[in-house]
Amino acid sequence: MSALDMLVVAQKTHWGTVDGEPVDLYTISNSSLTTSITNFGACVTSIEAPDENGAKADVVLGFKKLDDYLRDEKTYMGAIAGRYANRIADGTFAIDGSVYHIPSRHRDYALHGGTIGFDRKVWSAAIIPNGVEFTLVSPDGDMGFPGTLTVHVRYTLESSSLRIEYTATTDKPTVVNLTNHSYFNLAGRSGGTVLDHELMLNADRYTPIDAVMIPTGVLAPVSGTPLDFRQSHRIGERIQSEDEQLKLAGGYDHNFVLNGEGLRLAAKAFDPHSGRTLTVSTTEPGVQFYSGNFLDGSVIDSDGRPYEKYAGFCLETQHFPNSPNEAEFPSTILRPGQMLHSTTIFEFGVQE
Ligand code: GLA
């Protein structure tokens, strides 16, 4: 690859204001990819990637206007979810004997950091080599969480990959779980459902859920279930099967326990229509594979098209849901003096 192919260009354009704070759109591109990311929610609003003929399309769901993000309070499209991505049972947990409550729209759990999570915040931003770094200082007591948490999310382009690096520090013991909530559709944003995409997940086990979608605490084998994606399967192949776990979630919406440690393969997806592939690597112990079951046509894209059920799928690299209440799960506690460091890479390609 030549130096020109590797060149990354970043541009900032003003996009609007939220509570008087300026919101910008950062467009980062190289010869393979063009991605736009806003400092509202540190949210990825588009990723243009080539198909097998070199034709580019936007492979994530999103909106062209800031107003559409402000209006959509339920999909978390493209955003960074935090301070605690995914669910905490009853919105309640304890650290060192002190009990904390997170405000929630749901009766049985807090989701994605409470009613005003990191996805709704205006982050500060700086263009850095090959990308953009977003910073958020979440004050002590923000959404009930203890400790001032300083979070940096760095998005950089490396050849045909979008790399996301997360770091966080705190001044009191707290819990942290950060993820990017992009919905992918490798056929393109308006490419219908993702049921024909083939998916491989590098996970022998998953965390089964109860009736309100909280992990039971068990790490169960995927073997013999429709959650076995160790070999590629079409997302739609078994999604309607008579399986209690799929019924509880209305499709796939489960945390998979990734095999191995360190930065390693988490998932591979392939769209047979466009030939596009997505390869996900992460340092996180888990990935929430969510098949867009709650998209119901009520959220409309900026061109007036409804986002229907299964219009996109998420691969939310993360610690396991409800870890603050599960002593056996990898810990999500961050203490003063410690630095959280997490990496996820989304690599785009075409099937050879
Ligand atoms: C996550 C959850 C889903 C759903 C989406 C947002 O993926 O696991 O259940 O809440 O966020 O709609």
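In which sense do β17 and strand β26 pair, and over how many bridges? The pairing is antiparallel, over 2 bridges, with β26 spanning residues 313–318. The views below come from a predicted model.

**View 1. β17 pairs with β26 in the antiparallel sense.** Two bridges are not detailed here one by one; a single partnership is picked out. F184 has F313 of β26 as its bridge partner. Strands of a sheet pair through backbone hydrogen bonds, either parallel or antiparallel.

**View 2. Six strands form an open sheet.** The strand order is β17-β26-β25-β22-β19-β20. Pairing in this sheet is antiparallel. β17 (183–184) and β20 (220–221) are the edge strands. Each of these two pairs on one side only.

**View 3. The ligand sits in the largest pocket.** Around the ligand are 13 residues. R87, H112, H181, D253 and E316 come nearest. By class, the shell holds 5 nonpolar, 4 polar and 4 charged residues.

**View 4. Oxygen atoms of the ligand lie close to polar atoms of E316, K74 and Q288.** For E316, a polar side-chain atom is 2.7 Å from a ligand oxygen. For K74, a polar backbone atom is 3.0 Å from an oxygen atom of the ligand. For Q288, an N or O atom in the side chain is 3.3 Å from a ligand oxygen. On its own, the ligand has 300 Å² of accessible area, and the protein covers 95% of this.

Notes. Residues are numbered from 1 along each chain as its sequence is written. This is a predicted model: local features need pLDDT of at least 70, side-chain atom pairs count only at pLDDT 80 or more; totals for chains, interfaces and linings use all residues. Side-chain values use heavy atoms; hydrogens and water are left out. A residue is near a molecule or strand if one of its heavy atoms lies within 4 Å of it. A polar contact is a pair of N or O atoms within 3.5 Å; within protein, one must be able to donate a hydrogen and the other to accept it, and residues adjacent in sequence count only if both atoms are side-chain atoms. Accessible areas come from the Shrake-Rupley method with a 1.4 Å probe; for residues, only the protein chains shown count as cover. On a 1 Å grid over the protein atoms alone, a cavity is a set of points where a 1.4 Å probe fits but cannot get out, and a pocket is an open set with protein on both sides within 12 Å along at least five of seven lines; lining residues have an atom within 4 Å of a point. A molecule sits in a cavity or pocket if more than half of its atoms lie within 2 Å of its grid points. Ala, Val, Leu, Ile, Met, Phe, Trp, Tyr, Cys and Pro count as nonpolar, Asp, Glu, Lys and Arg as charged, and the others, Gly among them, as polar. Two strands pair if DSSP finds at least two bridges between them. Helices (H or I, at least four residues) and strands (E, at least two) are DSSP runs, numbered from the N terminus.
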